[in-house]
Amino acid sequence: MQDLPHQYLVAATANNSGNVTLTSSGVADLQSAPPAEFGGPGDQWSPESLLVAAVADCFVLSFRAIARASRLEWTSLECETDGTLDRVERVTQFTAFSVHATLSVPAGTDVAKAERLLQKAEQVCLITNSLKADSHLESTVVVSDS
């Protein structure tokens with residue numbers, strides 16, 4: 001890892017109607033639009049879905065790094081994240097994120113260790129640590145038969 005602080009630059013470009021184009025050096029452009037809940041088409045990434053995706057992605061990447069450092073063998077991790085947007089004291093904001101993770105591990109894996117590492121991934125995720133909304137992890141470890 002590079003020394004901190006890190007800087008991440010993203011540009012958003014739009015006309016008076018249509019999509020917003022998000023650009024960042026070295027990656028493909030991304031189109032976004034308001035979600036259906038805010039009168040958008042509902043068939044594209046939105047700022048809201050991108051934020052929830054960032055929580056899910058960060059959790060998976062955090063787990064991958066922790067599992068590697070802890071020498072935990074695993075075969076797959078499925079992560080579904082639900083973000084709740086609500087109005088609090090007349091301010092619309094995300095109030096909670098629920099991360100539902102299902103980890104598949106080979107037979108003979110220490111399931112308690114796998115569960116501890118899933119919990120640690122939730123605790124160290126820099127995205128949820130950067131948000132004021134609560135985050136909650138529900139995890140399942142599935143041991144394969146072979």
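Start your tour by selecting Phe-94, which counts as buried at 16% relative accessibility (buried means under 20% relative accessible area, exposed over 50%, partly exposed in between, with a 1.4 Å probe and protein chains only). This is a predicted model, where local features need pLDDT of at least 70, side-chain atom pairs count only at pLDDT 80 or more, and totals for chains, interfaces and linings use all residues. Residues are numbered from 1 along each chain as its sequence is written, and side-chain values use heavy atoms, leaving out hydrogens and water.

Next, add Phe-97, which is buried at 2% relative accessibility. The ring centres of Phe-94 and Phe-97 lie 5.3 Å apart with planes at 20 degrees, so this pair is stacked (rings of Phe, Tyr and Trp, the last by its six-membered ring, pair if their centres lie within 6.5 Å; planes under 30 degrees apart are stacked, over 60 edge-to-face, the rest tilted).

The structure holds 2 aromatic pairs. For the other, select Phe-63 and Trp-74: their centres are 5.3 Å apart and their planes at 70 degrees, so the pair is edge-to-face. Phe-63 is buried at 0%, whereas Trp-74 is partly exposed at 24%.

Now show strands 4, 5 and 6, which form an open sheet in the order 4-5-6 with mixed pairing (two strands pair if DSSP finds at least two bridges between them; strands are DSSP runs of E, at least two residues, and helices of H or I, at least four, numbered from the N terminus). Strand 4 (76-88) and strand 6 (134-143) are the edges, each with a single partner strand, so one side of each has no neighbour in the sheet. Finally, find Val-99, whose bridge partner in strand 6 is Leu-137.
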